[in-house]
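Biologist: I am new to this structure and would like a close look at a single part of it. Please take one helix and describe its surroundings in a connected way.

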Amino acid sequence: MQVSMKLSLRDAPGNLVAALSPISATGGNIKAVIHEHVPDAQGNVVVNVVVEIPPHQIQALKDAFAENGITIMLLGEERLVCQETVILIGHLIHNDLGDTIDRVDKTGFAEITHMTIAMPRIEISSSAQLVVQATGEAELAQAINILREVAQTKGFLMITPLEGAT
């Protein structure tokens with residue numbers, strides 16, 4: 001099971017390791033860590049973690065965090081579990097890239113979760129790498145088809161899938 005967690009821990013040397021160690025100790029596999037070193041007024045920092053863990057080990061992980069003084073601010077099953085990366089090439093900004101993204105995001109089962117864009121000059125085509133995440137394989141395929149239809153309508157070239165790209 002993939003879960004996302006928002007953890008709060010004291011801003012002190014070694015505490016990030018202390019927060020992540022119980023994950024592997026309880027059979028979990030860290031998929032992503034976002035740690036922005038911005039302490040709050042109490043001297044705590046927030047760490048966002050996505051973990052693949054057997055469902056029966058979640059309570060053990062919670063207990064291990066409590067023993068290490070790690071506060072779980074949010075713990076939830078990851079909703080978007082499938083992803084694919086695509087590239088769009090064309091006059092993206094002039095043809096309302098925001099509308100293109102909205103068509104996927106408004107489905108409720110898929111979202112554009114990351115985008116990198118290159119805009120060399122106004123008269124030259126732009127390119128954007130989009131990460132599309134969805135609640136399942138069928139929903140991901142449907143979201144990619146939505147992007148294909150939009151790309152065709154707006155005259156964009158769409159390249160997909162990009163294996164291993166994120």
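Modeller: What follows is an account of helix α4, set within the rest of the protein.

This is a predicted model, in which local features need pLDDT of at least 70 and side-chain atom pairs count only at pLDDT 80 or more, while totals for chains, interfaces and linings use all residues. Residues are numbered from 1 along each chain as its sequence is written, and side-chain values use heavy atoms, with hydrogens and water left out.

The protein has four helices and eight strands. Helices (H or I, at least four residues) and strands (E, at least two) are DSSP runs, numbered from the N terminus. Read from the N terminus, the order of the elements is β-α-β-β-α-β-β-α-β-β-α-β. The C-alpha trace spans about 55 × 35 × 25 Å along its principal axes. The radius of gyration of the protein is 20 Å, whereas a compact globule of 166 residues would have one near 15 Å. That radius is taken over C-alpha atoms, and the globule rule is 2.2 Å times the number of residues to the power 0.38.

Helix α4 covers residues 137–154, which is 18 residues. Its end C-alpha atoms are 26 Å apart, and this agrees with the 26 Å that it should span at 1.5 Å a residue. The expected span is 1.5 Å times one less than the number of residues in the helix.

The buried residues of α4 are Leu140, Ala143, Ile144, Ile146, Leu147, Val150, Ala151 and Lys154. They lie on the same side of α4, because they cover an arc of only 150 degrees around the axis. The arc is that of the directions from the helix axis to the C-beta atoms. On the other side of α4, the exposed residues are Glu137, Ala138, Glu149, Gln152 and Thr153. Here buried means under 20% relative accessible area, exposed means over 50%, and partly exposed is in between (1.4 Å probe, protein chains only). The helix is followed by Gly155, whose phi is positive, near 75 degrees.

The cover over the buried residues of α4 includes β5 (82–90), α3 (97–105), β6 (110–118), β7 (126–134) and β8 (157–159). The largest nonpolar core has 23 residues, and those with the most contacts inside it are Leu88, Val104, Ile112, Val132, Leu147 and Met158. Two or more residues of this core come from each of β5, α3, β6, β7 and α4. Helix α4 gives the most, with seven residues. A nonpolar core is a set of buried Ala, Val, Leu, Ile, Met, Phe, Trp, Tyr and Cys residues joined through side-chain atoms within 4.5 Å. In soluble globular proteins, nonpolar side chains tend to be buried together.

Leu88 gives a view of this core from one residue. Leaving aside neighbours within four places in sequence, Leu88 is in contact (heavy atoms within 4.5 Å) with Leu97, Thr100, Ser126, Ser127, Ala128, Leu130, Ala151, Phe156, Leu157 and Met158. Apart from this core lies another, of 16 residues, including Val3, Leu7, Leu20 and Phe65.

One of the contacts of Leu88 is Ser126, which is in strand β7. Ser126 has a relative accessibility of 7% and therefore counts as buried. Not counting residues up to four places away in sequence, Ser126 touches Leu88, Ile89, Gly90, Leu92, Ala118, Met119 and Pro120. Ser126 and Ala143 are 17 residues apart along the chain, and their C-alpha atoms are separated by 22 Å.

Before α3 comes the loop from β5, and Asp96 is in that loop. Asp96 is a residue other than glycine with a positive phi, near 60 degrees. Its relative accessibility is 44%, so Asp96 counts as partly exposed.

Helix α2 (residues 58–67) can be set beside α4. Its buried residues are Ile58, Leu61, Ala64 and Phe65. They cover an arc of only 120 degrees around the axis, which puts them on the same side of α2. The face turned away from that side carries the exposed residues Ala66 and Glu67. Just after α2, Gly69 takes a positive phi of about 75 degrees.

Another part of the chain is the loop between β1 (2–10) and α1 (15–25), where Gly14 is placed. From Gly14 to Ala141 the distance is 42 Å, C-alpha to C-alpha, and the two are 127 residues apart in sequence.
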